[in-house]
Amino acid sequence: MLLCTARLVGLQLLISCCWAFACHSTESSPDFTLPGDYLLAGLFPLHSGCLQVRHRPEVTLCDRSCSFNEHGYHLFQAMRLGVEEINNSTALLPNITLGYQLYDVCSDSANVYATLRVLSLPGQHHIELQGDLLHYSPTVLAVIGPDSTNRAATTAALLSPFLVPMISYAASSETLSVKRQYPSFLRTIPNDKYQVETMVLLLQKFGWTWISLVGSSDDYGQLGVQALENQATGQGICIAFKDIMPFSAQVGDERMQCIMRHLAQAGATVVVVFSSRQLARVFFESVVLTNLTGKVWVASEAWALSRHITGVPGIQRIGMVLGVAIQKRTVPGLKAFEEAYARADKEAPRPCHKGSWCSSNQLCRECQAFMAHTMPKLKAFSMSSAYNAYRAVYAVAHGLHQLLGCASGACSRGRVYPWQVPKSVCSSDCLEGHQRVVTGFHHCCFECVPCGAGTFLNKSDLYRCQPCGKEEWAPEGSQTCFPRTVVFLALHEHTSWVLLAANTLLLLLLLGTAGLFAWHLDTPVVRSAGGRLCFLMLGSLAAGSGSLYGFFGEPTRPACLLRQALFALGFTIFLSCLTVRSFQLIIIFKFSTKVPTFYHAWVQNHGAGLFVMISSAAQLLICLTWLVVWTPLPTREYQRFPHLVMLDCTETNSLGFILAFLYNGLLSISAFACSYLGKDLPENYNEAKCVTFSLLFNFVSWIAFFTTASVYDGKYLPAANMMAGLSSLSSGFGGYFLPKCYVILCRPDLNSTEHFQASIQDYTRRCGST
């Protein structure tokens with residue numbers, strides 16, 4: 001607060017001094033002012049070349065001591081045209097008129113004076129000190145201009161405490177973009193960052209790595225030279241000679257002769273001149289004077305297209321000039337507006353009334369003396385600059401349009417404070433997680449497109465969505481990424497508890513059945529079931545059941561290698577035993593008497609055991625090939641769900657799994673066929689119903705699993721796989737062993753030799769009768 005007060009006191013003293021020494025009975029041109037509901041200020045260099053030495057803090061008399069600036073005149077007229085268009089239109093400000101106060105900023109003192117004038121209170125000539133600047137209402141709402149970086153920095157520093165918007169049409173220095181120093185500074189011209197980058201690209205394009213660098217002593221030249229040197233040296237370009245032209249430089253003086261001498265001695269063919277127009281003319285007049293030819297001159301935007309430079313006598317002999325320029329723009333109707341101004345009857349300048357406040361920088365005798373044939377020519381450079389001033393006026397008008405609610409067809413009237421910085425953008429800011437897609441030529445005009453799933457918008461780059469990391473995910477339209485959830489069939493889940501309990505119960509039943517069969521090994525029921533072969537069948541089912549524990553928890557390499565392969569091999573042994581046992585009963589009861597040779601060969605060569613060994617060995621070979629060629633490994637699956645990492649094994653995606661599964665399917669069909677062929681065997685040997693039902697249940701279980709897998713690929717797919725395996729093992733155990741356990745435990749009367757012999761005799765009588 002203390003600093004702010006000190007600054008305001010300084011401003012008050014400064015404007016008082018300017019008033020004391022500069023307020024004389026001078027003349028004022030009516031074209032510099034226009035009344036209106038809201039006023040804008042325009043700062044334009046209608047005159048230049050004011051080189052007199054000042055001994056007092058008074059305003060330079062622009063119209064008397066300076067030369068006319070044609071370029072500034074076009075900027076002056078462009079603002080007048082913009083205000084006139086807006087006032088004659090009902091689109092932007094329907095029932096509101098804009099006015100202006102225009103100033104000729106021919107010198108630094110004139111620039112300061114104009115800035116202080118626009119900060120003064122309406123109808124007064126001083127800046128009122130207030131503790132609360134929010135309610136300070138100066139003469140104008142916004143300032144258009146001034147032209148150079150130095151003057152723009154001065155004006156911006158004075159306006160910043162009051163937050164009066166300042167829109168420069170020509171100040172391109174990058175330092176003015178620092179909002180902490182210049183919070184209310186705006187511009188309609190690109191900053192120097194882009195032209196420096198373009199210059200470096202130009203040098204690289206032609207392979208120019210040995211250059212000289214000359215700049216003007218103002219902020220534009222010095223900062224531009226510094227930025228160019230930094231970027232050029234970073235790209236491997238060497239600076240042979242570098243110098244800054246002083247503000248007071250004159251053609252042929254000792255300082256300019258020294259610069260010319262060093263340029264000639266440096267030996268660099270390419271010379272980059274980053275300078276204001278005024279010093280650039282002094283520089284090239286010195287170049288022509290010393291006959292420094294055979295060079296390639298790279299021009300900065302400030303003078304590249306300026307007639308002020310192309311008009312230097314003899315400049316055609318200096319060599320090739322390549323320049324950086326802003327894209328050519330046209331102010332529609334500006335030429336006709338200037339011609340109409342030249343043809344109009346303009347009043348003669350009136351003397352100021354006694355006691356009135358007049359300003360020598362609101363007067364231009366040349367402007368009023370123009371005729372159609374003497375009017376300054378509107379060239380490309382001035383037209384582009386005029387467009388920036390014209391566009392600045394429309395920027396303020398659009399801001400007022402929104403602030404006053406003019407979209408309804410009528411603007412609301414009321415006091416508007418300069419800091420009320422209204423929204424005036426080509427495109428509104430995007431929602432979070434939406435990237436900007438530029439439409440047209442300007443980066444300010446864009447469409448908002450949501451970032452796709454798996455990408456996010458980093459605030460450091462609003463024009464490109466960045467992909468999330470492999471272990472991260474993001475929904476559509478996100479501005480950050482989230483860690484993916486790692487999922488697998490964990491032991492602590494309720495589904496796992498149920499499956500664990502069911503599988504453990506099956507193992508206990510298998511173990512109990514093995515003990516029961518061992519206790520009753522010599523009984524007819526156990527012998528008819530296959531005798532000692534039953535233990536191999538129970539063991540194979542137990543091996544398959546044990547493999548199912550590999551589906552729980554985070555997949556590991558051993559679990560992936562064993563769980564499916566061990567299950568497939570165990571179930572193959574069981575199906576082989578079931579098939580050969582059913583086939584053997586058919587041979588005994590149906591073919592032993594009809595084909596005795598085959599029967600004896602089968603018995604003598606241990607056909608049952610041989611079949612089980614060969615069948616199991618074939619599946620073992622398939623499984624080993626599977627594990628070697630298509631090795632099942634733990635995998636982190638990222639494609640199934642965008643927000644999940646699925647931990648699984650790769651076994652079901654291989655040809656080995658399909659071959660092992662098809663082999664078991666073939667054995668199941670064989671067992672089903674043999675059981676069905678034995679449907680008319682003696683009652684104690686006829687297991688067609690139970691075995692057929694268990695095999696059908698096995699088929700249904702796996703069909704259900706593969707159907708589920710085709711439509712669901714989520715977290716519980718391993719649980720579905722385990723459930724199908726558990727169903728297959730349970731149906732095999734239930735269809736073959738449970739009926740025999742029932743007879744042993746609940747119907748011991750049926751577990752006798754007499755009962756089995758009676759059943760065989762009954763079968764023999766039936767066969768004989770048929």
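Buried here means under 20% relative accessible area, and since this is a predicted model, treat each stop below as a look at a prediction.

**Stop 1: Cys468 and Cys481.** Select Cys481 to begin. Its relative accessible area is 15%, so it falls on the buried side of that cut-off. Its partner Cys468, at 14%, counts as buried too. The two are joined by a disulfide, S to S 2.0 Å, and with -85° about the S-S bond the link is left-handed. Cys468 sits in the loop between strands S19 (466-467) and S20 (472-473), while Cys481 is in the loop between S20 and strand S21 (482-483), 13 residues apart.

**Stop 2: Cys430 and Cys448.** Here is another disulfide, again with 2.0 Å between the sulfur atoms. The torsion about its S-S bond is about -85°, so this one is left-handed. Cys430 belongs to the loop between helix H13 (380-403) and strand S16, and Cys448 to strand S17 (residues 446-450), so the bond ties together parts 18 residues apart in sequence. Cys430 is buried at 18% relative accessibility, whereas Cys448 is partly exposed at 34%.

**Stop 3: Arg436.** Stay around Cys430 and pick up Arg436, one of the residues of strand S16 (residues 434-438). Is Arg436 buried or exposed? Buried, at 16% relative accessibility. Show side chains and you'll find a polar contact of 3.0 Å between Arg436 and Asp429. Beyond four places in sequence, the contacts of Arg436 include Cys430, Phe446 and Tyr463.

**Stop 4: Cys406 and Cys411.** Compare the handedness on this disulfide: it has 120° about the S-S bond and is right-handed. The sulfurs are 1.9 Å apart. Cys406 is buried at 3%, and Cys411 is buried at 5%. The structure holds 5 disulfides.

**Stop 5: strand S13.** Now select residues 295-299. All 5 of the 5 residues are buried, so the strand is largely enclosed by the rest of the structure. Lys295, Trp297 and Ala299 lie on one side, with Val296 and Val298 on the other. Side chains in a regular strand alternate between the two faces of the sheet. Add strand S12 (residues 270-274), which pairs with S13 in the parallel sense over 4 bridges; Val270 has Val296 as its bridge partner. Strand S14 (residues 319-323) also pairs with S13 in the parallel sense, over 5 bridges, and there Val298 stands opposite Leu322. Bring in helix H9 (residues 277-289) to see S12, H9 and S13 make a right-handed β-α-β unit.

**Stop 6: helix H3.** Finish on residues 70-87. Of the 18 residues, 14 are buried, so H3 is largely enclosed by the rest of the structure. At its start, a side-chain oxygen of Asn69 comes within 3.0 Å of the backbone nitrogen of His71.

Terms used
Residues numbered from 1 in each chain as written. Predicted model: local features only at pLDDT ≥ 70, side-chain atom pairs only at ≥ 80, totals over all residues. Heavy atoms only, no water. Helix = DSSP H or I, 4+ residues; strand = E, 2+ residues; numbered from the N terminus. Buried < 20%, exposed > 50% of the residue type's maximum accessible area, 1.4 Å probe, protein only. Polar contact = N/O pair within 3.5 Å; in protein donor to acceptor, adjacent residues only side chain to side chain. Contact = heavy atoms within 4.5 Å. Pairing = 2+ DSSP bridges. Right-handed = clockwise from strand over helix to strand, strands pointing away. Disulfide = S-S within 2.5 Å.
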